[in-house]
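Dear colleague,

I am handing over the structure below, and I would be grateful if you could read it alongside the notes that come after it.

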Amino acid sequence: QVTWSNLKHTESGKYFCEAHNQYSEGRIDKSSNMLTITVERPTFDDLVEVIHKLFTQVDGAKESLKAINQNIKNINKDLDFKEQNITSIKEEVIRNQNNIQILSEDSNIKEQNLTSIKADLSTKQQTFLNIKEDVILNQQNIDKIKQDLNTYRHNMSNIGEHLEVILANLSTASIKVKNQTDEGSKMSYPPRKSCRDVNSTDERVVVTLTSGLKVMCDTKTDGGGWI
């Protein structure tokens, strides 16, 4: 079937159609037909129908145009929204750049602080080493002082022993002097001017000087004559 629409008046005339058929057994035949087409001029009703169709198409086009305009408005709104988003993104990027700059400056400051801390730590380590050396030296001094103290204690012990011997000797001498004093007090010597005038076989003699002072005279040391 052949359909031909929207014919023009000049296309009126006779048309021939011919077909060749080939069957499975090899037989071939031909079919042909002729058609006379007369294109008449449109009537008023045809024009009304066409105009109605045109108006319908125009209305459809208007609706399509309206939809297109609405789509354009929606696209413009979407573009405005996206432009606002782009502006917000740009502002956010600027803020992020500022934050990055601040973080970079803060990082530089922290790096400088870290360098300062490292230098201070190195100084403190050196100070600690110096203190450690001082502690070792002080420990050596303490050990030396302990040794000196032990030596001093030993010497003091020896001195104590010597003092005990001296005190014992002094005690013995004191007892002897007391005995001699007691014996001398029993003996009567005439008053003398000084111990140089005293002659006795005893080492120490108690005499009364002419001044009335009672003294003990040493008659042995360096020839005697000593008070």
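The notes below go through the strands, the core, the helix and the charged pairs in turn.

Please keep in mind throughout that this is a predicted model.

I begin with the first hairpin. Strand S1, which covers residues 13-22, is hardly covered, since the count of buried residues among its 10 residues is 0. Its partner is strand S2, residues 28-37, and the two pair in the antiparallel sense over 10 bridges. Within that pairing, Phe16 stands opposite Met34 of S2. There are 5 residues between the strands of this hairpin, and Gly26 takes a positive phi near 100° there.

The second hairpin is made by S3 and S4, which run antiparallel and are joined by 5 bridges. Thr208 has Lys214 in S4 as its bridge partner. This hairpin, too, has 5 residues between the strands, and in it Gly212 adopts a positive phi near 95°.

The largest nonpolar core consists of 7 residues, namely Cys195, Val198, Val205, Val207, Leu209, Val215 and Cys217. Strand S3 (204-208) and S4 each supply at least two residues of this core. As for Val198, once its neighbours within four places in sequence are left aside, its contacts are Arg192, Val205, Val207, Cys217 and Thr219.

Asp218, which lies in strand S4 (residues 214-218), may deserve your attention when you look at the charges. What is the nearest side chain of opposite charge to Asp218, and how far away is it? It is that of Arg204, at 4.8 Å, and Asp218 is buried yet has no salt bridge. Because a salt bridge is counted only within 4 Å, the distance of 4.8 Å to Arg204 does not qualify. The side chain of Asp218 does, however, reach the backbone nitrogen of Lys220 at 3.0 Å. Leaving aside neighbours within four places in sequence, Asp218 is also in contact with Glu203, Gly224, Gly225 and Trp226.

Helix H1 spans residues 44-186, and Leu163 has its place in it. Leu163 is partly exposed, with a relative accessible area of 44%. Between the C-alpha atoms of Leu163 and Leu213, which are 50 residues apart along the chain, the separation is 33 Å.

Turning to the charged pairs, side chains of opposite charge can pair when their charged atoms come close. The structure holds 11 salt bridges, and I describe some of them here. In helix H1, Asp106 and Lys110 are 4 residues apart and therefore separated by about one helical turn, and their salt bridge has its closest N and O atoms 3.3 Å apart. Asp106 is partly exposed at a relative accessible area of 31%, whereas Lys110 is exposed at 52%.

Lys144 and Asp148, also both in helix H1, are likewise 4 residues apart, about one turn of the helix, and their side chains meet in a salt bridge at 2.9 Å, N to O. Lys144 counts as partly exposed at 45% relative accessibility, and Asp148 counts as partly exposed at 39%. Salt bridges that share partners, meanwhile, join Glu25, Arg27 and Asp29 into one network. Within it, the side chains of Asp29 and Arg27 meet at 3.8 Å, N to O; Asp29 is partly exposed with a relative accessible area of 25%, and Arg27 counts as partly exposed at 44% relative accessibility.

With best regards

Definitions and conventions. Residues are numbered from 1 along each chain as its sequence is written. This is a predicted model: local features need pLDDT of at least 70, side-chain atom pairs count only at pLDDT 80 or more; totals for chains, interfaces and linings use all residues. Side-chain values use heavy atoms; hydrogens and water are left out. Buried means under 20% relative accessible area, exposed over 50%, partly exposed in between (1.4 Å probe, protein chains only). Two strands pair if DSSP finds at least two bridges between them. Lys and Arg count as positive and Asp and Glu as negative; His and the chain ends are not counted. A polar contact is a pair of N or O atoms within 3.5 Å; within protein, one must be able to donate a hydrogen and the other to accept it, and residues adjacent in sequence count only if both atoms are side-chain atoms. Contact means heavy atoms within 4.5 Å. A nonpolar core is a set of buried Ala, Val, Leu, Ile, Met, Phe, Trp, Tyr and Cys residues joined through side-chain atoms within 4.5 Å.
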